[in-house]
Amino acid sequence: MSTSRDLILIALVLLLTGALIIAGAQQYVGISEGYGSLYSMEASGTQRFAAQLSNWGYQVVAEKETPLLPDMADTALFVMGVSEDFNDLETSWLRIWVQSGGTLLVAQDNGKTRRLLQSFNINLKRTWSQVETAPLQLPVFNWPQVGTVTLQTHYAVDVPCGYAAIHVGDCDTPLLVLFGYGNGQVIVLSSLYPFTNEGLQAPGNAQFVTNLVQTAVPAGSQIRFDEAHRPHTGAARAWLLTTPTGWALLYTVLLLLIYAWWQGRSLQTAVPVTATTAANEFAATQSTDEFITDMANLYQQSSQEKNIQHHFWQRLKRQLARKYHCDYNLPEAEFFTELLPYQDEIDIATLISLHTSLQNQESTSSQLVWWVTQVIEFTEALDFS
């Protein structure tokens, strides 16, 4: 009776400890990873801005998964204060998406989006001193009148004079630029501050943000926020391993588990082996063997599906190599590079996407059918081109 009560108390303590770990990790995320996040209520978060967008009638969608590939239904993508850069697949797709009419807004005061910005032939650069405020130079975002924008940034946009319209700053220190790209547009602000919970309260910022969004993005559109390029995963682990409170909770959980295991051993009693027990164990062994056999069949089936994918992919790669006189044995990244002079960005992005899907070890039957269909269509298009 006493042992059972002890185990119940241990379970309750473990539950309370788990609640403390979750609460501590959430607080850690809010402090260290909430910069620019629409989920953050901290001064550097953008929750207030996202709420204002919803009040204006925009459909706000938070994208948490990578690779970040906006839908054609998305009118705008907002990249704000992220801490991880985009990969080649994402940048290729974003160029296609903007060319098709999308609006990309980047608000950064760090160098974490270098690859993304360089794909549009621009970048960010450090300034000698912090830029506190700056006036709007063009009337597009200055009605109703804004006056000056509070920026508090050490960065400027690195863009050739004449390449883009400079709305804030000048040719020496561009701070807010806009340029067309195909049927879409790219807006880059070298400061996150005007969009933050704190920055929206600074003079001029609320009206500036209102003018910019309502001018650049049609009313009622869907706006996707980049929440994928923030280090959300691993926050709880980081809090546990880098704070004294986290280490104390880990030791507490470890000691409780050891004690529970020791108490559980004392509850075990010897069970005499009988004919019934032996029969049950034999039946259990049969069930285990059947389970292992079933799992082996499933793995074999999965391997066959993967072999099918590799067959069609190698067939497509050989066809491309013959048509454009490329080296079939090159790794995919180098092979795609050789194809660049012969294929447009849409075809290259399609090939990259198909190869990325090929690496997925957990494909459903419908995904496999879709993938093979896409590869066959691409291959047949080569035969008739």
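**Two cores, two one-sided helices and a surface patch**

In this predicted model, the largest nonpolar core is built from 35 residues, and the ones with the most contacts inside it are Phe49, Phe78, Met80 and Phe208. When it comes to who chips in, helix α5 gives the most to this core, with 5 residues. That isn't the whole story, though: apart from it lies another core, this one of 26 residues, including Val79, Phe86, Leu94 and Ala228.

Phe78 is worth a closer look. Setting aside neighbours within four places in sequence, Phe78 is in contact with Phe49, Leu53, Leu105, Val217, Ile223, Arg224, Phe225 and Asp226. Two of these partners, Phe49 and Leu53, turn up again in helix α2 (residues 47-55), where they are buried along with Ala50. Looking down the axis of α2, the buried residues fall within an arc of 100°, so they line one face of the helix. Among the elements covering them are β1 (59-63), β2 (76-80), α5 (205-216) and β9 (222-226). After α2 comes Gly57, with a positive phi near 100°.

Helix α9 (residues 332-339) can be read in a similar way. Its buried residues are Glu332, Phe335, Phe336 and Leu339. They span an arc of only 100° around the axis, which means they sit on the same side of α9.

Not every nonpolar side chain is tucked away. Tyr251, Leu254, Leu255 and Ile258 make up a nonpolar patch on the surface, and together they have about 440 Å² of accessible area. Of these, Tyr251 belongs to helix α7, which runs over residues 244-267.

Notes: Residues are numbered from 1 along each chain as its sequence is written. This is a predicted model: local features need pLDDT of at least 70, side-chain atom pairs count only at pLDDT 80 or more; totals for chains, interfaces and linings use all residues. Side-chain values use heavy atoms; hydrogens and water are left out. Patches are made of residues with over 30% relative accessible area and no salt bridge: like charges are joined within 9 Å, nonpolar side chains (Val, Leu, Ile, Met, Phe, Trp, Tyr) within 5 Å. Accessible areas come from the Shrake-Rupley method with a 1.4 Å probe; for residues, only the protein chains shown count as cover. A salt bridge is a side-chain nitrogen of Lys or Arg within 4 Å of a carboxyl oxygen of Asp or Glu. Helices (H or I, at least four residues) and strands (E, at least two) are DSSP runs, numbered from the N terminus. Buried means under 20% relative accessible area, exposed over 50%, partly exposed in between (1.4 Å probe, protein chains only). The arc is that of the directions from the helix axis to the C-beta atoms. Contact means heavy atoms within 4.5 Å. A nonpolar core is a set of buried Ala, Val, Leu, Ile, Met, Phe, Trp, Tyr and Cys residues joined through side-chain atoms within 4.5 Å.
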